Amino acid sequence: MSSIRPSTDAGGEVGAARVSAAGGRRAVAALVLVGLAALIPLLGPPIALRGTGEAAVPADGGIALLRTVLFAAVCVSAGELFAARLARRVPGAPLDDTPRSWAPVAAGAGFVAALCLASVVANGNLVPRRLSDMDIGGLYETRDGVLALLEVNAFVVAGLCALSRRPATQVWLLAAVAVAEALRAHPTTEYSPLLGSGLTLVHVTCAALWAGGLLHVLRLLRRWRDPEAGAALLGLYSRVAAVLFAVITMTGVGSTLRRMPAGTVLEQLTTTAYGRTLLAKLLLVAAVAVLALCARRRLRRATDPLTAYSPARTEVVALGAVVAVSAVLTALPVPIRW
């Protein structure tokens with residue numbers, strides 16, 4: 001008996017070492033992906049504006065990066081709530097075995113991004129160099145200032161809700177952020193601003209559920225290791241995601257035609273910074289759709305849902321790039337409506 005114990009202990013140590021090494025590789029890969037994702041908003045505006053003759057927005061790269069963090073925070077928190085709701089509809093799902101929530105961290109990141117964006121608004125949409133540059137009280141006097149403060153406060157309360165015994169209550173705070181972003185994107189001087197805000201609100205909400213929901217579904221699959229429950233959850237998500245994708249497509253087309261009339265779309269897709277970035281977003285969304293189809297096809301043909309994990313994981317990465325490109329759009333000059 002004593003001769004067997006060393007080999008057992010050694011095997012356990014080897015297994016632990018392998019798990020630790022795999023976790024280290026995943027952490028490094030995640031850091032690399034985050035770094036690459038940060039390059040999209042930082043370098044995107046200058047590249048898109050090159051040769052168009054359009055004036056750049058001050059600190060457009062930094063603003064796009066902050067909006068990327070803000071959008072990602074909403075996606076992560078909303079996705080967790082959405083995926084958890086889907087999981088409760090799966091018969092026999094191990095609901096007690098769930099991964100640690102990322103919502104508190106997401107709310108913290110969203111708060112920092114929203115606070116930085118509010119400081120820009122407080123300085124007349126310019127990056128402040130000193131605290132004295134900011135007119136904090138002036139935020140209450142402008143529409144953009146009030147919306148910026150709303151987002152800051154919403155993330156604070158959302159973080160507290162995520163840490164409470166009723167994390168589902170943060171859905172109302174996330175909805176407030178989505179409404180604020182929809183209103184901010186369409187000033188009152190714009191043509192039919194309420195229609196534009198409505199389209200943006202539906203578009204942002206569906207996109208957050210699609211991207212964030214898939215991220216948390218994959219986290220649940222890795223945690224459960226239950227083929228039947230995993231296949232049921234992924235299948236349920238795929239059916240809802242198909243509806244979300246259809247709504248995202250319709251609202252995206254509607255928003256595009258509002259800003260670029262049908263007769264000018266093809267030209268503006270290549271001659272304006274907004275159009276070029278929109279074209280890049282469309283290509284990424286098309287790639288995401290292909291990856292989604294591959295994952296769903298693997299799921300139907302196999303008994304283990306983890307066979308669909310690889311294309312679905314790549315789909316999450318591509319969706320992250322879509323979020324970053326969407327943030328770039330908010331930092332670019334809106335094309336002239338001819």
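**Figure 1. The salt bridge between Arg259 and Glu190.** In this predicted model, the side chains of Arg259 and Glu190 form a salt bridge, with 3.5 Å from N to O. The two partners come from distant parts of the chain, 69 residues apart: Arg259 belongs to helix H7, and Glu190 to the loop between H5 and H6. Arg259 is buried, and its relative accessible area is 13%.

**Figure 2. The salt bridge between Glu190 and Arg258.** Glu190 also meets the side chain of Arg258 in a salt bridge, at 3.4 Å from N to O. Arg258 is part of helix H7 (residues 227-259), while Glu190 sits in the loop between H5 and helix H6 (193-224), so this pair ties together parts of the chain that are 68 residues apart in sequence. Arg258 has a relative accessibility of 11% and therefore counts as buried, the cut-off being under 20%.

**Figure 3. Glu181 and Arg184 in helix H5.** A salt bridge joins the side chains of Glu181 and Arg184, with an N to O distance of 3.3 Å. Both residues lie in helix H5 (residues 170-184); because they are three residues apart there, about one helical turn separates them. The two ends of the bridge can be described by their accessibility. Glu181 counts as buried at 5% relative accessibility, whereas Arg184 is partly exposed at 21%. Glu181 and Arg184 are also linked with Arg67 in a network of salt bridges. For the model, the count of salt bridges comes to six.

**Figure 4. Leu70 and the largest nonpolar core.** The largest nonpolar core holds 65 residues, and Leu70, Trp210, Leu233 and Tyr237 are the ones that touch the most other members. Helix H2 (residues 60-87) gives the most to this core, contributing 13 residues. When residues up to four places away in sequence are not counted, Leu70 touches Ala113, Ala114, Leu117, Glu151, Phe155, Val177 and Glu181. A second core, separate from this one, has six residues, among them Met260, Leu269, Tyr274 and Leu329. Glu181, one of the residues touched by Leu70, is the salt-bridge partner of Arg184.

**Figure 5. Surroundings of Lys281 in helix H9.** Lys281 is a residue of helix H9 (residues 273-301). With a relative accessibility of 15%, Lys281 counts as buried. Neighbours within four places in sequence aside, the contacts of Lys281 are His203, Val322, Val325, Ser326 and Leu329. Of these contacts, Leu329 is also a member of the second nonpolar core. The C-alpha atom of Lys281 is separated by 10.0 Å from that of Val328, a residue 47 positions away along the chain.

**Figure 6. Surroundings of Ala122 in helix H3.** Ala122 is placed in helix H3 (residues 103-122). Its relative accessible area is 8%, and Ala122 is buried. Apart from neighbours within four places in sequence, Ala122 is in contact with Asp133, Met134, Asp135, Ile136 and Leu139. Between the C-alpha atoms of Ala122 and Ala148, which are 26 residues apart along the chain, the separation is 9.3 Å.

**Figure 7. A nonpolar surface patch that includes Leu42.** On the surface, Leu39, Leu42, Leu43 and Ile47 form a nonpolar patch, and together these residues have about 350 Å² of accessible area. Leu42 is located in helix H1 (residues 4-49). The relative accessible area of Leu42 is 37%, which makes this residue partly exposed.

**Figure 8. The whole chain, for orientation.** The secondary structure of the protein consists of 10 helices and zero strands. Read from the N terminus, the order of elements is α-α-α-α-α-α-α-α-α-α. The protein has 338 residues, of which 42% count as buried. Its exposed area is about 17,900 Å², with carbon and sulfur atoms supplying 67% of that area. Among contacts with a separation of 6 or more, 74% are between residues 24 or more positions apart.

Technical notes
Residues are numbered from 1 along each chain as its sequence is written. This is a predicted model: local features need pLDDT of at least 70, side-chain atom pairs count only at pLDDT 80 or more; totals for chains, interfaces and linings use all residues. Side-chain values use heavy atoms; hydrogens and water are left out. Patches are made of residues with over 30% relative accessible area and no salt bridge: like charges are joined within 9 Å, nonpolar side chains (Val, Leu, Ile, Met, Phe, Trp, Tyr) within 5 Å. Accessible areas come from the Shrake-Rupley method with a 1.4 Å probe; for residues, only the protein chains shown count as cover. A salt bridge is a side-chain nitrogen of Lys or Arg within 4 Å of a carboxyl oxygen of Asp or Glu. Helices (H or I, at least four residues) and strands (E, at least two) are DSSP runs, numbered from the N terminus. Buried means under 20% relative accessible area, exposed over 50%, partly exposed in between (1.4 Å probe, protein chains only). Contact means heavy atoms within 4.5 Å. A nonpolar core is a set of buried Ala, Val, Leu, Ile, Met, Phe, Trp, Tyr and Cys residues joined through side-chain atoms within 4.5 Å.
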